[in-house]
Amino acid sequence: MSRSLRVTSGFIPQVKLAVMRNGFPSQQALAEELGLARFTISNFLNGKPIDYLNFVEICHILRLDWQEIADLDNSRLNEVSTKSRQLAHLHQEDLGEAPNVSVFYGRTEELAKLEQWIVIDRCRLVALLGMGGIGKTALSVKLAEQIQNEFDYLIWRSLRNAPPVENILVDLIKFLSNQQETDLQDTVNGKVSRLINYLRSSRCLLVLDNAESILRGGDRAGQYREGYEGYGELLRQLGELPHQSCLVLTSREKPKEIALLEGQTRPVRSLQLNGLDATDVKSIFTEYGSFSGSEDEWRVVVEYYAGNPLALKIAASAIQEILNGNIPEFIEIYLKPGKVLFDDIRDILDEQFNRLSASEKEIMYWLAINREPVSDLKLQEDIVLSGAQQKLIADLASLKRRSLIERGEAGFTLQNVVMEYMTDQLIKKVSEEIRTGAPTPYKM
Ligand SMILES: Nc1ncnc2c1ncn2[C@@H]1O[C@H](COP(=O)(O)OP(=O)(O)O)[C@@H](O)[C@H]1O
Ligand SMILES: [Mg+2]
């Protein structure tokens, strides 16, 4: 059958009106909302054929009955209708700032276990735990990709900037009500109840990344930062009350509700992530060039960094750049001389940060100041160091190669662990400026 559909010509005016009625000021705005090309929208509005999946999706957001306005004969109707029901599942998704994980190795056991927990055992609350850089975010995205067909809705959000729980609740409720519920008057508890109602009536997969941002840290591990206790209530209710959805949380620390409610036969569970093994690490390294070393030498490096993919990516670029990929030499010069075993990603960040050029450091600072992803054009405006603007593209490429920055749909940003590290550097720099009364240049 044909895989495309068009709007019946008689319905075109009504369809155009629906764009305005639903609050889209332009075709571009609608295209952006749906993540479709503008010409797809334009073809749709002008009665030209477009892919039926896009057709159904556009009708959905415009609250139009696609079967009514589509120009198709009845023989094809059923076929398309079944497909569109499958599509409705797939396409109610909002991935927010979820990073792209096209490069991903190993973790097959973890993925199988999580799928078992969520799809078969119907867990309601699952935490992915582990140190910074170990791969929690990447795994959460991969998992969501793998099991999304089981769900009516998929939403992925980062708590990196510690949004108040109200904001997250409103965001989730809006999405799950297809933007119908926008009344924000309720108390936190009221909003949690509303959310749970949606989680009962549909099967939703919610992913909240970087939950450590709302936790206190230190010796009071698992407790909430002041003003963020509402998240505790959210987790408790999601874990205790019956519903057919699942919240996947990633965090460096285990929130106390999870510790209280979890169990191997209960619907609340947590998975502690360990490092990657040597085979997966080798695959990661190949993206940085070729490396020489015996099996034992590879193992020394992998173990030194506890299989932490972020640390290993940063190390890989350094080994390639300084030593031309020579692993035994790297062990001899850097790992052997009485160094304590890697236990904090900051060690490696210190070393790497010190090796950056002044203009690269300046970019790192601006990405930390901005916090949200920024485009290269915006960075161009921020940068003041002379000569740095011309080098911007080359510097961005170099920082990306070193795994210090990431590029997503919304622009460039720092890896979460790197963001925290840079925020500390920034605080040091500003305190220094206050102490000396003079701005220090963009290097430490
Ligand atoms: N299984 C994997 N295969 C390849 N790269 C990975 C894998 N897991 C993580 N990474 C990479 O390692 C870096 C750190 O992973 P991330 O998921 O951000 O860690 P965390 O969220 O635990 O801080 C990222 O650049 C990510 O793409
Ligand atoms: Mg992360």
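**Getting to know this predicted model**

User: Just after helix 4, which residue takes a positive phi?

Analyst: Happy to start there! This is a predicted model in which local features need pLDDT of at least 70, side-chain atom pairs count only at pLDDT 80 or more, and totals for chains, interfaces and linings use all residues. Residues are numbered from 1 along each chain as its sequence is written, while chains are lettered from A and ligands numbered from 1 in the order in which they are written. Just after helix 4 (helices are DSSP runs of H or I with at least four residues, strands are runs of E with at least two, and both are numbered from the N terminus), a positive phi of about 55 degrees is taken by Arg63.

User: How many of the 10 residues of helix 4 are buried?

Analyst: A residue is buried if 20 or more other C-beta atoms, placed from the backbone, lie within 10 Å of its own. In helix 4, Tyr52, Asn54, Phe55, Val56, Glu57, Ile58 and Cys59 meet that mark. Helix 4 (residues 52-61) is therefore largely enclosed by the rest of the structure, and the number of buried residues is 7.

User: Are the two faces of strand 7 covered or uncovered?

Analyst: In a regular strand the side chains alternate between the two faces of the sheet. On one side of strand 7, Cys246, Val248 and Thr250 are buried, and on the other Leu247, Leu249 and Ser251 are buried too. With 6 of its 6 residues buried, strand 7 (residues 246-251) is largely enclosed, so the word is covered.

User: Which residue of strand 7 is the bridge partner of Leu128?

Analyst: Strands pair if DSSP finds at least two bridges between them. Strand 4 (residues 125-129) runs parallel to strand 7, joined by 5 bridges. In strand 7, the partner of Leu128 is Thr250.

User: At roughly what angle do the axes of helix 18 and helix 20 cross?

Analyst: Axes are lines fitted to C-alpha atoms, for helices over the stretch in contact, and angles run from 0 to 180 degrees between N-to-C directions. Helix 18 (residues 358-370) and helix 20 (residues 388-401) have axes that come within 9 Å. The helices are roughly perpendicular, a term for angles of 65 to 115 degrees. The crossing angle is roughly 75 degrees.

User: Which helices each supply at least two residues of the shell around ligand 1?

Analyst: A residue is near a molecule if its C-beta atom, placed from the backbone, lies within 6 Å of it. Of the 22 residues around ligand 1, those that come nearest include Lys136 and Pro309. The helices asked for are helix 8 (136-147), helix 15 (309-323) and helix 21 (416-436).

Key: A residue is buried if 20 or more other C-beta atoms lie within 10 Å of its own, exposed if 12 or fewer, and partly exposed in between; C-beta atoms are placed from the backbone. Angles under 35 degrees count as roughly parallel, over 145 as roughly antiparallel, 65 to 115 as roughly perpendicular and the rest as oblique.
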